[in-house]
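Visitor: I would like a close look at a single part of this protein, one helix and whatever packs around it. Could you walk me through it, residue by residue where that helps?

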Amino acid sequence: MNSDLQGRAAHVAGIRERAEAEMAKIGVDQAFIDRLVETFYARILEHPELGPVFDAKLAGRWPAHMEKMKSFWSAVAFHNGAYGGKPVQAHVGVAGMSPELFPKWLALFSDTLSDIAPTEEAKAWFMATAERIARSLTLSPFYNPALDDPARKQG
């Protein structure tokens with residue numbers, strides 16, 4: 001049993017080391033993650049449609065949210081286990097949230113990456129990841145399986 005735990009710990013450490021090496025190769029470190037989160041959410045607050053939705057949900061809790069988002073992106077990039085929340089559940093039932101806001105969120109994220117990403121590879125990696133995240137956040141509260149019905153797409 002003890003060797004199983006040691007083997008698992010070594011496996012997890014290897015995953016983390018490979019992720020850290022991959023991120024280092026494209027110029028990403030924790031300082032970049034912090035800057036990305038801070039810059040992006042400052043822009044969110046200035047956005048005429050996104051700002052009110054985020055601020056209504058997070059009023060009085062912005063510092064805690066910023067730390068949570070830094071932990072989230074750190075966990076995603078470095079596989080370091082820094083984040084333990086449930087992002088889909090956190091976004092369900094947010095007043096003013098609509099599927100139409102996600103493309104605006106992604107565009108703002110892309111603009112932020114264009115301005116501050118250390119490399120094109122970093123921008124591409126973070127954009128692809130953000131697109132997957134946006135898709136999962138959109139599917140959970142807004143997905144309607146009837147819209148994917150092949151019979152509806154004919155004609």
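Guide: Happy to. Let's begin with one residue and work outwards: methionine 66 sits in helix α4. Please keep in mind that this is a predicted model. Methionine 66 is buried, its relative accessible area being 13%, which puts it under the 20% cut-off for that word. Setting aside residues up to four places away in sequence, methionine 66 touches Val37, Glu38 and Tyr41. The last of these partners, tyrosine 41, is 25 residues from methionine 66 in sequence, with 8.0 Å between the two C-alpha atoms.

That leads us to tyrosine 41 itself. Beyond its neighbours within four places in sequence, tyrosine 41 is in contact with Phe54, Trp62, His65, Met66 and Met69. Tyr41 also belongs to the largest nonpolar core, which has 37 residues. Within that core, Tyr41 is one of the residues that touch the most other members, along with Val28, Trp73, Trp105, Phe109 and Phe126. At least two core residues come from each of α2 (30-46), α3 (50-58), α4 (62-78), α6 (101-116) and α7 (120-142). The largest share, eight residues, is supplied by α6.

So the part to look at closely is α2, and its packing against three other helices. A pair of packed helices is described by the angle between their axes and the distance between those axes, and I'll take the pairs in that way.

Start with α2 and α4. Their axes are 9 Å apart and the packing angle is about 135 degrees. The two helices are therefore oblique to each other, and their crossing is right-handed. On the α2 side, the contact involves Gln30, Ile33, Asp34, Val37, Glu38, Tyr41 and Leu45. Facing them in α4 are Trp62, His65, Met66, Met69, Lys70, Trp73, Ser74, Ala77 and Phe78. By class, the residues of this contact are ten nonpolar, three polar and three charged. You will recognise Met66 and Tyr41 in those two lists, and Trp73 appears there as well.

Next, α2 and α3. Here the axes come within 6 Å and cross at roughly 105 degrees, so these two helices are roughly perpendicular to each other. From α2, the contact uses Tyr41, Ile44 and Leu45; from α3, it uses Leu50, Gly51, Phe54 and Asp55. Five of the residues in this contact are nonpolar, one is polar and one is charged. Tyr41 takes part here and also in the contact with α4.

The third partner is α6. The axes of α2 and α6 are 10 Å apart, at an angle of about 130 degrees, and that makes α2 oblique to α6. This crossing, too, is right-handed. The α2 residues involved are Phe32, Arg35, Leu36, Thr39, Phe40, Arg43 and Ile44. They meet Trp105, Leu108, Phe109, Asp111, Thr112, Leu113, Asp115 and Ile116 of α6. Sorted by class, the contact has nine nonpolar, two polar and four charged residues. Trp105 and Phe109, named earlier among the core residues that touch the most other members, are both in this contact.

Now follow the chain just past the end of α4. Histidine 79 lies in the loop between α4 and α5 (87-91). Its phi is near 50 degrees, a positive value in a residue other than glycine. Histidine 79 is partly exposed, with a relative accessible area of 42%. One of the residues that contact it is arginine 16, which, apart from neighbours within four places in sequence, is in contact with Phe78, His79 and Asn80. Arginine 16 belongs to helix α1 (residues 2-25) and counts as partly exposed at 29% relative accessibility. Arginine 16 and asparagine 80 are 64 residues apart along the chain, yet their C-alpha atoms are separated by 6.0 Å.

Finally, let's step back to the whole protein. It has eight helices and zero strands, in the pattern α-α-α-α-α-α-α-α along the sequence. Of its 155 residues, 34% are buried. Among contacts between residues at least 6 apart in sequence, 76% join residues at least 24 apart. The pair we began with, methionine 66 and tyrosine 41, has a sequence separation of 25 residues.

Technical notes:
Residues are numbered from 1 along each chain as its sequence is written. This is a predicted model: local features need pLDDT of at least 70, side-chain atom pairs count only at pLDDT 80 or more; totals for chains, interfaces and linings use all residues. Side-chain values use heavy atoms; hydrogens and water are left out. A nonpolar core is a set of buried Ala, Val, Leu, Ile, Met, Phe, Trp, Tyr and Cys residues joined through side-chain atoms within 4.5 Å. Buried means under 20% relative accessible area, exposed over 50%, partly exposed in between (1.4 Å probe, protein chains only). Helices (H or I, at least four residues) and strands (E, at least two) are DSSP runs, numbered from the N terminus. Contact means heavy atoms within 4.5 Å. Axes are lines fitted to C-alpha atoms, for helices over the stretch in contact, and angles run from 0 to 180 degrees between N-to-C directions. Angles under 35 degrees count as roughly parallel, over 145 as roughly antiparallel, 65 to 115 as roughly perpendicular and the rest as oblique. Ala, Val, Leu, Ile, Met, Phe, Trp, Tyr, Cys and Pro count as nonpolar, Asp, Glu, Lys and Arg as charged, and the others, Gly among them, as polar. A crossing is left-handed if the near helix is turned anticlockwise from the far one by less than a right angle, and right-handed if clockwise.
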